[in-house]
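Visitor: I should like to learn how to read cysteines and charged side chains in a protein model. Could you guide me through one case?

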Amino acid sequence: MADIWAVLDGHLDAAAVLRRALHQQPDLSGDESLTRDLVLQALPGTSTAVKVAETGAVVRIGGPGPCVGVRGEMDALPITEATGVAWTSQNPGVMHACGHDVHLAALVAVARAVHDVGAPVPLLVVLQPREETYPSGAKDIAEHGVLDAEECAIMIGAHIQPALPAGVVACVPGGVNASSDEFEIVVRGESGHAAYPHLADDPLLALAETVVALQSVVSRSVDPMRSAVVGVSSFQAGQAANVVPDVARATGTIRALASETRALLHERIISVSENIARAHDCEAEVRITVGEPVLENDPRLVEVVAAQLTGQGMPVSTDLRSLGADDFSFFSERMPATMMFVGSETDSSLHTATFLPTDTDLRAVARALLAGYLGGAALVTGGLAES
């Protein structure tokens with residue numbers, strides 16, 4: 001069998017051209033049909049393409065039997081690009097500022113290499129919509145049944161990460177991205193004239209005390225060896241300076257790197273909100289919108305993937321964990337999975353108007369995805385993927 005790494009290198013020039021084309025025509029979440037079709041045109045074996053999750057698709061490269069899935073996210077962000085490159089976004093106010101164009105082009109290069117070499121374990125290309133917004137595209141694909149129908153035994157992902165040095169790949173076992181939930185607290189009281197506060201039940205004061213109290217939920221309720229965040233990000237109450245309002249609202253985010261911590265935070269937010277409101281003769285209603293679960297990397301898969309990376313001379317980090325979230329976690333809760341983070345040459349942060357990974361970064365992501373595929377294939381052929 002030909003050296004698949006050398007075959008991959010032979011597809012990188014075309015991948016760079018594809019990346020520029022994707023970067024020029026970014027699509028927002030839920031509107032990725034053009035991006036999907038552009039990627040499908042570049043893939044081999046698209047006669048097997050199955051449309052899923054409205055604007056997504058999966059494509060099998062290879063024959064029947066258990067396969068290794070590799071995810072590529074398709075959506076861009078509502079950001080006006082300021083990179084100044086000749087291939088800047090042609091869609092006003094929309095930009096690939098999170099590297100999804102790089103991930104997709106790298107995935108195409110890997111799929112072409114696997115197709116050319118005829119590797120023994122099939123590859124399932126997963127073109128996922130709506131990573132940046134709800135409802136989650138990964139959740140829709142995971143619940144659709146197509147992964148079971150395709151016998152997808154393992155899922156691989158990689159994300160460009162400028163917090164890492166260029167070329168370094170973080171391949172870390174256990175929780176690497178947090179669960180992500182949102183909450184809304186609505187406190188209802190009784191309005192009145194601000195000059196007669198004793199005749200009103202002030203929901204603004206109750207909610208203000210709640211916001212302050214929530215800052216201690218993590219420090220006083222969560223094991224300090226576990227990572228978590230409870231953050232209030234919006235607060236609305238009243239319209240007039242001399243009127244005590246009858247309702248006050250706040251919203252925020254809940255992040256945790258363990259499912260037990262996640263459940264505890266839900267319970268504490270509800271308890272703190274309701275009891276403080278009650279102390280002010282008000283009522284609090286807490287609504288929690290459940291988002292992505294914790295993204296857990298399978299330790300066996302991490303081990304074999306890291307061996308592939310080091311075998312190719314790629315530096316591996318085992319330190320990077322983040323309270324950011326990625327809906328890749330909907331795959332990781334259903335099957336052995338690994339999300340890698342790949343260092344970038346760019347100095348700009350994710351989700352900024354100047355974020356622009358290089359062709360060298362594209363090569364690093366492609367090599368990380370190939371290492372993931374080969375590591376997953378080793379588990380599948382060894383019969384370990386379901387053990």
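Guide: Let us begin with a cysteine. Cys67 is buried, since its relative accessible area is 0%, and the model we are reading is a predicted one.

Visitor: How many disulfides does the structure contain?

Guide: The general idea is a distance test: two cysteine sulfur atoms must lie within 2.5 Å to count as a disulfide. In this structure the count is zero. Cys67 takes part in no disulfide, as the nearest cysteine sulfur, belonging to Cys152, is 4.6 Å away.

Visitor: What is the nearest cysteine sulfur to that of Cys171, and how far away is it?

Guide: For Cys171 the nearest cysteine sulfur is that of Cys152, at 17 Å, and Cys171 is likewise in no disulfide. Cys171 is also buried, with a relative accessible area of 1%.

Visitor: Let us turn to charged side chains. How many salt bridges are found in the whole structure?

Guide: Side chains of opposite charge can pair when their charged atoms come close. Here, a search of the whole structure yields 17 salt bridges.

Visitor: Which residue pairs with Asp181 in a salt bridge?

Guide: The partner of Asp181 is Arg262, and their closest N and O atoms are 2.7 Å apart. This pair joins distant parts of the chain: Asp181 belongs to strand β8 (residues 179-188) and Arg262 to helix α9 (residues 259-279), with their positions 81 residues apart.

Visitor: Are Asp181 and Arg262 buried or exposed?

Guide: Residues under 20% relative accessible area count as buried. Asp181 has 0% relative accessibility and is therefore buried. Arg262, at 14%, is buried as well.

Visitor: What salt bridge does Asp37 form?

Guide: Asp37 pairs with Arg36, the closest N and O atoms being 3.1 Å apart. Asp37 is partly exposed, with a relative accessible area of 29%, whereas Arg36 is buried at 8%.

Visitor: Which residue does Glu333 meet in a salt bridge?

Guide: The side chain of Glu333 meets that of Arg334, with a distance of 2.9 Å from N to O. Arg334 is partly exposed, at 39% relative accessibility, and Glu333 is partly exposed too, at 46%.

Visitor: Which residues are linked in a network of salt bridges?

Guide: A network of salt bridges links Arg71, Glu73, Asp326 and Asp327. When reading such a network, one may locate each of these residues in the structure shown above.

Technical notes
Residues numbered from 1 in each chain as written. Predicted model: local features only at pLDDT ≥ 70, side-chain atom pairs only at ≥ 80, totals over all residues. Heavy atoms only, no water. Buried < 20%, exposed > 50% of the residue type's maximum accessible area, 1.4 Å probe, protein only. Salt bridge = Lys/Arg side-chain N within 4 Å of Asp/Glu carboxyl O. Helix = DSSP H or I, 4+ residues; strand = E, 2+ residues; numbered from the N terminus.
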